[in-house]
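Hi,

Here is the structure I promised to pass on. Have a look at it first, and then read on for what turned up.

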Amino acid sequence: MAEERELRGVGDPHRHSVAIYLQRWLAHLRERGDHAPTTLAGYERHAAIAAHHIGHIPLAKLGTQDLDRLYATLRRRGSRPRADGKPAPALSPQSVLHVHRLLHTALGFTAVEIERLLEIARPDPGTTAILALLLITGLRRSELLGLALDAIDLEAGTVSVRRTVTEVRGKAVLREIPKSKSAWRTLSIPLEVVALLRAQKAKVLELALQWGAEYSREPMFLFPGLAGVPMRPMAVTERLRQLCRRARITGVQPVHGWRHATASLLIAGGTDVKTTQARLGHSTPTITLRLYTDVVDERDRAAGERLAGYLTPKNKQ
């Protein structure tokens, strides 16, 4: 764990900006020496673009909205002003995607950090249930908070994504997901997660009983806010951000980092891209491939090395 902390430049996260973190992350990649020079050059180029717009933001305060604004800006007017003073041209969708992939890779959780966070969260069943769902399902923050008791089948061991909760001007907004979208999906969960959700469901029902008629029941959220209303997305972000602080982990998005870790672990573990795409709710496998091509390339390289074993004299015999 000490090594992971050192690599991420751990200290007080408020003292580390996005730019400083990206600089240290790139320096670590260069020291490892297992990336091609052209790959590193691409990382450095896209990191510079991101740092120009969001490099000043402290890591502890970096949120999904900051990244959304970054991508929108890049699509409108590109990266940095030109030397002649003219506005920079807008980046192509492919270039914006490269910046997105870079930040995905740089800000994702490691396996060691996941274990540490789960260990620290264990005394709090509610937080543990949130982390377990994020890790196993790869849900977006809005999808996690949109889960209601009518979308959970504990006997079948499934959760269904039917609603989202977003935040507009500090207020939680509930939306039904249209059936035509790929985001409408049902995901299997293992027995360990079923047990956690069973306890969380019991807690919600007990809260509703204590509040009586004042409790909001249409629908009954799995992770509700006060009196059963939808929880504000920033509330869960701050909850998990505090958990990261306790674990001395910085340089990751406290909620979305779990989604990235889920995809990376699934692909690295041998899950095919089509299954990973369906689980994450991407509209096509192409999006999954573009976002996680580094993990796919690593699997491909390992597969080639395994097959090369058949070329040895022992296997030829």
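Let's start with one residue pair: Val161 has Arg185, in strand 5, as its bridge partner. Keep in mind that this is a predicted model.

That pair belongs to a bigger pattern. Strand 2 (residues 158-161) and strand 5 run antiparallel and are joined by four bridges. Both are part of an open sheet of three strands, in the order 1-2-5, with antiparallel pairing. Which strands stand at the edges? They are strand 1 (152-153) and strand 5 (185-188), each with a single partner strand, so one side of each has no neighbour in the sheet.

Now for the helices. Two packed helices are described by the angle between their axes and the distance between them. For helix 2 (residues 18-32) and helix 5 (residues 93-107), the axes come within 11 Å and cross at roughly 80°. Angles from 65 to 115 degrees count as roughly perpendicular, so that is how helix 2 sits relative to helix 5. On the helix 2 side, the contact is made by Tyr21, Leu22 and Trp25; helix 5 brings Leu102, Leu103, Thr105, Ala106 and Leu107. If you sort the residues of this contact by type, you get seven nonpolar, one polar and no charged.

Trp25 turns up again in the aromatic pairs. How many of those are there? The count comes to two.

- Trp25 and Tyr43: the ring centres are 5.6 Å apart and the planes are at 45°, so this pair is tilted. Trp25 is in helix 2 and Tyr43 in helix 3 (residues 37-54), 18 residues apart, so to speak of distant parts of the chain being linked is fair. Are these two buried or exposed? Both Trp25 and Tyr43 are buried.
- Phe109 and Trp258: here the ring centres are 5.1 Å apart, with the planes at 45°, so this pair is tilted too. Phe109 is in the loop between helix 5 and helix 6 (111-121), while Trp258 is in helix 11 (residues 256-268), 149 residues apart. Phe109 and Trp258 are buried.

One last residue to click on is Arg232, in the loop between helix 9 (191-211) and helix 10 (233-246). Arg232 is partly exposed, with a relative accessible area of 35%. Leaving aside residues up to four places away in sequence, Arg232 touches Leu145, Glu167, Gly170 and Ala172. Its C-alpha atom is also 9.5 Å from that of Ser142, although Arg232 and Ser142 are 90 residues apart along the chain.

Cheers

Terms used:
Residues numbered from 1 in each chain as written. Predicted model: local features only at pLDDT ≥ 70, side-chain atom pairs only at ≥ 80, totals over all residues. Heavy atoms only, no water. Axes fitted to C-alpha atoms, helices over the stretch in contact; angles between N-to-C directions. Helix = DSSP H or I, 4+ residues; strand = E, 2+ residues; numbered from the N terminus. Parallel < 35°, antiparallel > 145°, perpendicular 65-115°, else oblique. Contact = heavy atoms within 4.5 Å. Nonpolar A, V, L, I, M, F, W, Y, C, P; charged D, E, K, R; others polar. Phe/Tyr/Trp six-rings, centres within 6.5 Å; stacked < 30°, edge-to-face > 60°. Buried < 20%, exposed > 50% of the residue type's maximum accessible area, 1.4 Å probe, protein only. Pairing = 2+ DSSP bridges.
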